[in-house]
Amino acid sequence: MSLLPILEYPDKRLRTVATPIEGVDAALSTLIDDMFETMYEAPGIGLAATQVNFHKQLLVLDISEDKSQPMVFINPKITAKDGKQVYQEGCLSLPNIYADVTRYNQITVEALDRNGQPFTLEADGLLAVCIQHEMDHLIGKVFVDHLSPLKRALAEKKLAKMRKLGAEA
């Protein structure tokens, strides 16, 4: 396994719309393993393939505290949604930037697992937020797209300042 470079906002490649995965093979299995290693190392709880410059409909996540519940979603589709919740989100593509985002509280998602087997999952709370956040990446969106223009500009300014300070260190 190996760590993959994570694209950082405002990299234009984060705006690429992912295409469906046609089949599960050894190369995809390796990518999934590398994505988990990258996500855990970052550290994060979710990672979309788009964030590692692989523009296919694939995401991995693990919201457990002890990294014991890895989940793989290939070609995910939300088939039902209900309720609203506000959750403070962050993103590996926008390090150290956090903001409140409104999302559905309950969702049903259909996808393929890492072996290409179809499954349906009902999710709520943090799991629902994480799935929706990562699925946004697959359509070329990042969480700051959900913010007001003023809050987005403040986040972008903070990110630019942190990068400048990091470059000077």
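Strands here are DSSP runs of E of at least two residues, numbered from the N terminus. In this predicted model, strand β4 covers residues 94-112 and includes Asn105, a convenient place to begin a walk through the sheet.

Strand β4 has a partner on either side of it in sequence. With strand β3 (residues 71-91), β4 runs antiparallel, and 13 bridges join the two. One of the pairings matches Val86 with Thr102 in β4. The link between these strands is a hairpin, with 2 residues between β3 and β4. Strand β5 (residues 118-124) is also antiparallel to β4, here through 7 bridges, and Ala111 stands opposite Phe119 of β5. The hairpin of β4 and β5 has 5 residues between its strands, and Gly116 in this hairpin adopts a positive phi near 85°.

Returning to Asn105, its relative accessible area is 25%; because this value lies between the 20% and 50% limits, Asn105 counts as partly exposed. Leaving aside residues up to four places away in sequence, Asn105 touches Asp82, Gly83, Lys84 and Gln85, and also Ala123, Asp124, Gly125 and Ala128. Lys81 is 24 residues from Asn105 in sequence, while the C-alpha atoms of the pair are 7.6 Å apart in space.

A second residue worth a visit is Val24, which sits in the segment before α1 (26-41). Val24 is likewise partly exposed, at 37% relative accessibility. Beyond residues up to four places away in sequence, the contacts of Val24 are Ile74, Arg114, Asn115 and Gly116; Gly116 is the residue with positive phi in the hairpin of β4 and β5. Ile139, by comparison, is 115 residues away from Val24 in sequence, with 21 Å between their C-alpha atoms.

Attention can now turn to the pockets. The largest pocket holds about 460 Å³ of space. Its lining is made of 24 residues, and those closest to the centre are Pro43, Gly44, Gly90, Cys91 and Leu92. The elements giving two or more residues to this lining are β3, β4 and α2 (125-138). By class, the lining of the largest pocket comprises 14 nonpolar, 7 polar and 3 charged residues.

The second largest pocket contains about 280 Å³ of space. Of its 15 lining residues, Ile78, Gln132, Met135, Asp136 and Ile139 lie nearest the centre. Here too, β3, β4 and α2 each supply at least two residues, and α2 gives the most, with 4 residues. The lining of the second largest pocket divides into 8 nonpolar, 4 polar and 3 charged residues.

Note on methods: Residues are numbered from 1 along each chain as its sequence is written. This is a predicted model: local features need pLDDT of at least 70, side-chain atom pairs count only at pLDDT 80 or more; totals for chains, interfaces and linings use all residues. Side-chain values use heavy atoms; hydrogens and water are left out. Buried means under 20% relative accessible area, exposed over 50%, partly exposed in between (1.4 Å probe, protein chains only). Contact means heavy atoms within 4.5 Å. Two strands pair if DSSP finds at least two bridges between them. On a 1 Å grid over the protein atoms alone, a cavity is a set of points where a 1.4 Å probe fits but cannot get out, and a pocket is an open set with protein on both sides within 12 Å along at least five of seven lines; lining residues have an atom within 4 Å of a point. Grid points are joined across faces, edges and corners, and a volume is the space filled by probe spheres set on the points. Ala, Val, Leu, Ile, Met, Phe, Trp, Tyr, Cys and Pro count as nonpolar, Asp, Glu, Lys and Arg as charged, and the others, Gly among them, as polar.
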